[in-house]
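Thank you all for coming. I would like to walk through one model this morning, moving from a single residue outward, and I will explain each term as it comes up.

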Amino acid sequence: MMLSRAARPALRAGAAAVARPATVNVAASANYATLREIEGRLKSIRNIEKITKTMKIVASTKLTRAQKAMESSRVYGETSNTVYDKAETKPIEAEGKKTLLVICSSDKGLCGGIHSGMSRYTRRILAQQPNCELVILGEKCKAQLSRSNAKQIKLSFAGVGKDIPTFADASAISDQILHIPEEYGSVKIIYNKFLNAQSYEPVTVEAFSEEAITASPNLAQFEVADESIANLREYALANSLYWALAEGHACEQSARRNAMDNASKNAGDMINKFQILFNRTRQAVITGELVEIITGAAASEQ
């Protein structure tokens with residue numbers, strides 16, 4: 001069909017009006033999809049923030065109880081150390097005898113680098129003293145040290161760190177350690193020492209063998225019978241383990257509280273950034289719709 005010259009401009013304007021909104025609609029639908037993605041991301045980050053804040057409150061409550069238990073346990077450990085210091089007990093350095101390292105970690109994570117720091121500290125000791133065997137309390141350090149020193153792990157314990165350690169727990173662990181058939185020249189307990197609510201450090205405390213206690217120069221002043229030395233050694237080992245576990249538990253709760261506090265702050269920063277992005281994207285969508293309306297109105301007037 002032939003069109004007159006007067007009708008052709010109107011047809012071109014109508015075709016342009018139909019074509020333009022189609023392009024804007026594609027962009028608008030993409031913006032709407034982006035808005036939904038940003039809104040979903042915001043929702044998930046807000047949920048994470050709620051969880052981390054709750055975990056921080058729980059860790060703060062547990063830290064107070066853990067610090068009280070730690071202060072009580074220090075009496076046990078320091079008493080044993082006082083006896084060894086006054087008796088001038090020293091580890092036996094005999095050829096052919098290995099050193100036993102008892103590593104006090106736990107089964108729980110989400111507490112920063114507290115377990116990995118202890119694993120690195122243990123690896124440094126093993127690099128200097130390769131003739132060592134390991135007893136690991138807790139699954140975290142066991143999983144980390146199994147990758148590099150699996151053959152040196154003699155014994156391991158699970159279920160550590162669920163609650164505040166007790167002397168009964170330490171006694172049961174020390175009983176299992178003393179049943180290891182190997183005779184060790186030195187037994188060292190590695191644990192995290194509580195410095196303050198913000199810091200800790202891995203340290204080593206010596207748990208002497210029966211032979212080392214018997215050879216103490218000033219042991220006679222305590223009037224310990226020879227047949228009671230084995231009991232003294234077992235009791236002193238349980239004291240030191242109780243102290244180490246209690247200090248490590250307090251360090252873990254402190255580290256978890258700090259880690260959850262940092263996670264909550266990071267989540268808050270991410271929420272602010274995504275909220276700004278969401279507002280800008282929503283503004284772009286509204287602006288695009290306004291342009292579409294104005295363009296259509298202008299086209300219809302032509």
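Leaving aside its neighbours within four places in sequence, with which residues is Glu252 in contact? Contact here means heavy atoms within 4.5 Å, and on that footing Glu252 is in contact with Ser106, Lys108, Cys111 and Ile114.

Before I go further, please keep in mind that this is a predicted model, in which local features need pLDDT of at least 70 and side-chain atom pairs count only at pLDDT 80 or more, while totals for chains, interfaces and linings use all residues. Residues are numbered from 1 along each chain as its sequence is written, and side-chain values use heavy atoms, with hydrogens and water left out.

Coming back to Glu252, this residue lies in helix H6, where helices (H or I, at least four residues) and strands (E, at least two) are DSSP runs numbered from the N terminus. With a relative accessibility of 3%, Glu252 counts as buried; buried means under 20% relative accessible area, exposed means over 50%, and partly exposed is in between, using a 1.4 Å probe and protein chains only. Its side chain makes polar contacts with the side chain of Ser106, at 2.9 Å, and with the side chain of Arg256, at 2.8 Å. A polar contact is a pair of N or O atoms within 3.5 Å; within protein, one must be able to donate a hydrogen and the other to accept it, and residues adjacent in sequence count only if both atoms are side-chain atoms.

Helix H6 runs over residues 229–301, and Leu277 lies in it too. Leu277, at 40% relative accessibility, counts as partly exposed, and its C-alpha atom is separated by 10.0 Å from that of Glu39, although the two are 238 residues apart along the chain.

Next, the cores. A nonpolar core is a set of buried Ala, Val, Leu, Ile, Met, Phe, Trp, Tyr and Cys residues joined through side-chain atoms within 4.5 Å. The largest one has 24 residues, of which Val102, Leu137, Ile189 and Leu241 touch the most other members. Two or more residues come from each of E1, E2, helix H4 (167–178), strand E4 (184–196), strand E5 (199–207) and H6, and H6 gives the most, with 6 residues. Beyond four places in sequence, the contacts of Val102 include Val135, Ile177, Val187 and Ile190. Apart from this core lies another, of 12 residues, among them Met118, Leu126, Cys132 and Cys141.

Cys141 also belongs to helix H3 (residues 139–149), where it is buried along with Gln144, Leu145 and Asn149. Why do we say that the buried residues of H3 line one face of the helix? Seen down the axis of H3, they fall within an arc of 105°, so they line one face, the arc being that of the directions from the helix axis to the C-beta atoms. Their cover includes strand E1 (98–104), helix H2 (114–128), strand E2 (132–137) and strand E3 (153–157).

Turning to aromatic rings, those of Phe, Tyr and Trp (its six-membered ring) pair if their centres lie within 6.5 Å; planes under 30 degrees apart count as stacked, over 60 as edge-to-face and the rest as tilted. By this rule there are 6 aromatic pairs. Tyr76 and Phe167 form a stacked one, 5.5 Å centre to centre with 25° between the planes. Tyr76 lies in helix H1 and Phe167 in helix H4, so the pair ties together parts that are 91 residues apart in sequence. With Tyr235 and Tyr242, these two residues form one aromatic cluster.

In the loop between helix H5 (210–214) and H6 we find Ser216, which is buried at 8% relative accessibility. The side chains of Ser216 and Thr89 are joined by a polar contact of 2.6 Å.

Finally, a word on pLDDT, the predictor's confidence in each residue, from 0 to 100. The chain averages 83, and 88% of the residues score at least 70. Among the elements, helix H1 (residues 7–87) has the lowest mean, 74, and E2 the highest, 93. Over residues 1–24 the pLDDT is below 50, and beyond near neighbours in sequence this stretch has 10 contacts in the model. Where pLDDT is low, the predicted coordinates should not be read in detail.
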